[in-house]
Amino acid sequence: MNGPLITRHDLERRHAALQDLRRYLAEQERDFERQRLGLQAFARRYQAAVGALYQELDALEAQLQRSTEALLGSLLRQGIELGLPESSPLTTGRLPEAQLPRMAQLARLEGLPPATALPPVPVGVDIAQWAPPTLKMLYRRAAMRIHPDRAASDAERREREQLMMAVNAAYAAGERWRLEAMLVAAGEDVLKVCGGQAQALRNWLAHCEDLVQQRLRLVNDYLGALSGTGMYRLWRSVEQAEARGLDPLATMVMQLRAQVVERRKELYISSRLKPDSSLARAFLHQRAGRQSGTPSRTGSC
């Protein structure tokens with residue numbers, strides 16, 4: 001048996017590191033699940049608080065878009081150019097961005113996929129039975145088994161003295177294979193001399209490490225995707241505000257109700273404007289400016 005040995009210490013260290021990695025993975029999986037469920041609960045709460053208001057705003061915006069497009073078309077047919085920005089929804093025909101973040105737009109709200117099961121431990125799980133003994137351990141075993149003092153006769157003593165010299169020479173030369181051969185010839189158990197299939201155990205450890213690390217990368221990807229969503233950031237902002245005694249969702253509801261009132265007024269005005277009036281042109285400019293300057297409205301704290 002030549003070449004570098006797989007020592008018991010190496011196997012024990014790798015096995016302990018694998019167990020630590022598995023415990024860390026389990027903590028990360030629990031953390032993801034806590035955050036996922038917390039975000040889902042907040043999304044339902046958010047939907048219940050502002051969902052109907054956002055839907056009403058969407059409907060009002062759609063009606064306003066049709067009304068303003070009709071006014072704009074009437075002016076254009078009369079040869080009146082308003083000089084609105086090309087990117088304005090009034091000229092592109094696009095409705096404003098959807099107000100309410102949809103659940104379908106939230107990445108990674110589903111749970112983690114099932115993990116691949118680790119392969120079974122090779123037969124003989126005791127690492128001490130798998131790792132071969134060190135050269136010094138072999139030497140001590142050989143010395144104890146072959147020592148001349150254990151001879152039953154003078155002839156056997158002379159034979160043991162010759163073997164003992166061979167043991168000392170093999171140990172001094174670092175010839176492990178000779179010590180193993182002498183021990184096996186003396187009746188020592190082969191597994192205790194050469195160790196079990198240590199390479200098989202090391203391969204098993206390497207395979208398990210690879211599977212656990214792959215799973216850990218997947219969990220971290222899911223955590224990153226979850227924390228990167230707008231709804232997640234809103235959730236954390238609301239949590240922080242509520243910890244300070246504020247009620248940001250109530251504030252958002254008040255703001256949305258004010259917007260609903262404003263859109264209703266705009267819709268009422270647009271329905272009564274004469275297309276060729278200066279008020280109609282002023283209304284269209286005002287609405288185009290408001291739409292162009294309106295930031296994304298997904299709520300803020």
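This passage describes the overall fold, one helix pair and the salt bridges of a predicted model.

The chain is built from helices: eleven of them are present, with zero strands. Read from start to end, the pattern is therefore α-α-α-α-α-α-α-α-α-α-α. Of the 301 residues in the chain, 36% are buried. About 17400 Å² of the chain is exposed, and carbon and sulfur atoms supply 53% of that area. When contacts with a separation of 6 or more are considered, 82% of them join residues 24 or more positions apart.

A helix pair offers a good place to look at packing in detail. Two packed helices are described by the angle between their axes and by the distance between those axes. For helix 4 (residues 135-146) and helix 6 (residues 176-185), the axes come within 10 Å and cross at roughly 35°. The crossing of these two helices is left-handed. On the side of helix 4, the contact is made by Leu135, Leu138, Tyr139, Arg141, Ala142, Arg145 and Ile146. Helix 6 contributes Arg176, Leu179, Glu180, Met182 and Leu183 to the contact. By class, the residues of this contact divide into eight nonpolar and four charged, with no polar residue among them.

Arg145 of helix 4 deserves a closer look. With a relative accessible area of 29%, Arg145 is partly exposed, because this value lies between the 20% and 50% limits. Leaving aside residues up to four places away in sequence, Arg145 touches Arg150, Arg160, Leu183, Ala186, Gly187 and Glu188. One of these, Leu183, also belongs to the contact that helix 6 makes with helix 4. The C-alpha atom of Arg145 is separated by 9.7 Å from that of Met164, a residue 19 positions apart from Arg145 along the chain.

Turning to charged pairs, the structure holds 14 salt bridges. One of them joins the side chains of Glu209 and Arg14, with an N to O distance of 2.8 Å. This pair links distant parts of the chain, since Glu209 lies in helix 8 (residues 198-227) and Arg14 in helix 1 (residues 8-77), 195 residues apart. Both partners fall under the 20% limit and so count as buried: Glu209 has a relative accessibility of 17%, and Arg14 has 16%.

Other salt bridges are found within a single helix. Glu161 and Arg157 meet through their side chains at 3.6 Å, N to O. These residues are four residues apart in helix 5 (residues 154-173), so about one helical turn separates them. Glu161 is partly exposed at 35% relative accessibility, and Arg157 is likewise partly exposed, with a relative accessible area of 33%.

In helix 9 (residues 230-243), Glu239 and Arg236 are three residues apart, which means that they are separated by about one helical turn. Their side chains form a salt bridge with an N to O distance of 2.7 Å. Glu239 is partly exposed at 35% relative accessibility, as is Arg236 at 26%.

Finally, some charged residues join in a group. Glu61, Glu262 and Arg263 are linked in a network of salt bridges.

Conventions
Residues are numbered from 1 along each chain as its sequence is written. This is a predicted model: local features need pLDDT of at least 70, side-chain atom pairs count only at pLDDT 80 or more; totals for chains, interfaces and linings use all residues. Side-chain values use heavy atoms; hydrogens and water are left out. A salt bridge is a side-chain nitrogen of Lys or Arg within 4 Å of a carboxyl oxygen of Asp or Glu. Buried means under 20% relative accessible area, exposed over 50%, partly exposed in between (1.4 Å probe, protein chains only). Axes are lines fitted to C-alpha atoms, for helices over the stretch in contact, and angles run from 0 to 180 degrees between N-to-C directions. A crossing is left-handed if the near helix is turned anticlockwise from the far one by less than a right angle, and right-handed if clockwise. Contact means heavy atoms within 4.5 Å. Ala, Val, Leu, Ile, Met, Phe, Trp, Tyr, Cys and Pro count as nonpolar, Asp, Glu, Lys and Arg as charged, and the others, Gly among them, as polar. Accessible areas come from the Shrake-Rupley method with a 1.4 Å probe; for residues, only the protein chains shown count as cover.
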